[in-house]
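Reader: Could you take me through the ligand site in this one, piece by piece? I'd like to know what touches what, and how the parts of the chain come together there.

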Amino acid sequence: MKVDVLLGLQWGDEGKGKVVDVLTPRYDVVARFQGGPNAGHTLEFEGKKYVLRSIPSGVFQNGRTNIIGNGVVLDPVLFREEAEALEASGVELRKLLKLSKKAHLILPTHRLLDAANEKAKGSGKIGTTGKGIGPTYTDKTSRNGVRLGDTLLPDFMDRYGAARDRHMNMLASLGETPDITELEKKWLDAVEYIKTYQVIDSEHEINDLLKAGKSVLCEGAQGTMLDVDFGSYPFVTSSNTVTAGACTGLGVAPNKIGDVYGIFKAYCTRVGSGPFPTELFDETGKKIRDLGHEYGAVTGRERRCGWIDLVALKYAIMINGVTKLIMMKSDVLDGFDEIKACTAYKINGEITNRMPYSLDSENIEPVYTALPGWKTDMTAMKSESEFPANFKAYIDFLEKELETPIVIVSIGPDREQTIERAI
Ligand code: GDP
Ligand code: IMO
Ligand code: MG
């Protein structure tokens with residue numbers, strides 16, 4: 001039995017989609033366990049680019065089974081857009097994809113509540129993706145949610161109507177009285193569409209597959225520093241993005257988890273508000289943004305950029321039980337004279353390498369180690385033997401600090417620009 005997990009160790013957008021696609025041929029099943037269309041996972045191959053939001057990144061290789069687990073929140077309208085685009089490009093999605101009956105639905109009013117909540121927070125806003133994620137997970141935990149399986153029940157419209165009316169009252173109390181007639185119609189049409197897919201008891205399915213000797217790769221969304229428990233609260237998303245989330249989000253028992261792939265960029269980015277100790281506000285930050293094309297896949301927002309933060313990475317490795325590391329976007333640093341890595345924080349004069357309770361960047365001064373850049377274009381390299389000495393030294397430095405092997409290095413957005421290391 002084998003369940004491996006692949007998840008982000010920073011603030012999201014580490015390149016999870018690309019690597020899941022690369023690893024898919026090694027597994028029988030790829031499964032998403034949390035998050036929703038706040039995710040934007042980019043894949044590039046054969047000169048084409050795809051951005052996936054709710055659908056797992058295993059749909060492009062070898063007809064693998066892809067599962068959307070109970071821990072995911074689904075917007076039928078966005079799901080339909082994504083699915084129709086994939087079908088139009090030749091992916092036989094109806095055969096490949098199975099959706100959990102227990103996945104919660106994002107209603108049109110959840111999105112309106114997300115916007116209204118952000119507005120009410122004023123300058124303290126989280127900078128959400130506006131996809132209704134927070135309100136949908138709130139309804140789930142307060143036991144007011146509407147699940148995909150409910151759409152198959154005779155009283156679905158009553159359940160939906162009760163949730164909608166409750167949301168409309170909440171919106172009114174926030175001073176909003178929107179006309180949702182059109183939104184609702186589009187959403188209900190999309191519900192009919194989504195019902196034409198395989199809607200299943202995914203926890204049974206996945207455990208049956210494991211019993212039959214099949215292997216599963218769980219694909220995380222967001223990143224550890226956006227986890228609702230362990231991230232930079234309250235500037236986080238509303239789900240558990242960590243390894244434990246794969247257990248609750250799929251119905252897989254902890255003792256079935258094998259490898260945990262932790263994925264990180266050779267530097268660091270964040271989109272939305274919240275603390276980011278190594279953020280760069282200077283020309284170097286701008287250079288990373290330009291070279292790395294650091295603009296959000298979902299919202300198009302500028303991503304904030306900075307040096308790699310090893311305090312945060314060590315914490316993420318600990319919380320997730322990471323066994324193997326994957327470093328992305330190494331090529332973005334190809335032209336730099338000097339690379340910096342934050343090895344500790346100075347907080348009120350004291351040096352620590354432990355993640356503090358509050359990550360308020362105002363009080364945190366990063367302590368950096370500087371390493372020489374490699375000043376070599378690595379994007380066409382085919383094996384690690386071609387890596388320049390200073391890049392090898394950067395890898396060695398990171399592996400020593402993080403006490404975990406870096407098994408894959410990514411040197412460009414394309415599927416082919418992926419180098420596996422002999423460990
Ligand atoms: P995800 O949300 O973790 O799947 O990551 P995103 O797709 O949001 O963001 C990663 C971005 O970096 C995408 O535009 C990818 O095409 C791109 N990308 C992934 N790996 C590499 C890499 O090694 N080098 C470069 N230059 N770009 C990469
Ligand atoms: P992927 O899977 C980067 C951020 C938002 C905001 C916070 C809460 O592509 O890595 P939400 O809409 O979830 O309530 O927003 O989380 N955020 C992400 N940042 N990548 C993501 O997903 C993200 N999903 C949410 O910017 O700061
Ligand atoms: Mg992304």
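Author: Here is a walk through the two ligands and then the metal.

Keep in mind that this is a predicted model.

Let's start with ligand 1. It has 19 residues around it, and the nearest are Gly15, Lys16, Thr42, Asp331 and Ser410. As for secondary structure, helix H1 (16-23) and strand E3 (41-45) each give at least two residues to this shell. Sorted by class, the shell around ligand 1 holds eight charged, seven polar and four nonpolar residues.

Now for some polar contacts of ligand 1, here with backbone atoms. A polar backbone atom of Gly40 sits 2.8 Å from an oxygen atom of ligand 1. For Gly17, a polar backbone atom is 2.9 Å from an oxygen of the ligand, and for Gly412 the corresponding distance is 3.0 Å. On its own, ligand 1 would expose 590 Å², and the protein buries 93% of that.

On to ligand 2, which has 21 residues around it; Asp13, Lys16, His41, Thr129 and Thr237 come nearest. Lys16 is thus among the nearest residues for ligand 1 and also for ligand 2. The class make-up here is 10 polar, eight nonpolar and three charged residues.

With ligand 2, let's look at side chains. An N or O atom in the side chain of Thr129 is 2.6 Å from an oxygen atom of ligand 2. His41 places a polar side-chain atom 2.7 Å from an oxygen of this ligand, and the side chain of Arg301 has an N or O atom at 2.9 Å from one. Taken alone, ligand 2 has 550 Å² of accessible area, of which the protein covers 98%.

That leaves the metal. Ligand 3 is a magnesium ion, coordinated by Asp13 through OD and by Gly40 through O, at 2.0 to 2.2 Å. Asp13 belongs to the loop between strand E1 (2-8) and H1, while Gly40 belongs to the loop between strand E2 (29-32) and E3, so this pair ties together parts of the chain 27 residues apart in sequence. Gly40 is buried, because its relative accessible area of 11% falls under the 20% cut-off. Asp13, at 22%, counts as partly exposed.

Both metal partners turn up elsewhere in the site, too: Asp13 is one of the residues nearest ligand 2, and Gly40 has that backbone contact with ligand 1.

Note on methods:
Residues are numbered from 1 along each chain as its sequence is written. Chains are lettered from A and ligands numbered from 1 in the order in which they are written. This is a predicted model: local features need pLDDT of at least 70, side-chain atom pairs count only at pLDDT 80 or more; totals for chains, interfaces and linings use all residues. Side-chain values use heavy atoms; hydrogens and water are left out. A residue is near a molecule or strand if one of its heavy atoms lies within 4 Å of it. A polar contact is a pair of N or O atoms within 3.5 Å; within protein, one must be able to donate a hydrogen and the other to accept it, and residues adjacent in sequence count only if both atoms are side-chain atoms. Accessible areas come from the Shrake-Rupley method with a 1.4 Å probe; for residues, only the protein chains shown count as cover. Helices (H or I, at least four residues) and strands (E, at least two) are DSSP runs, numbered from the N terminus. Ala, Val, Leu, Ile, Met, Phe, Trp, Tyr, Cys and Pro count as nonpolar, Asp, Glu, Lys and Arg as charged, and the others, Gly among them, as polar. Donors are N, O and S atoms within 2.8 Å of the metal (3.2 Å for Na, K and Ca); water is not among the atoms, so sites may look incomplete. Buried means under 20% relative accessible area, exposed over 50%, partly exposed in between (1.4 Å probe, protein chains only).
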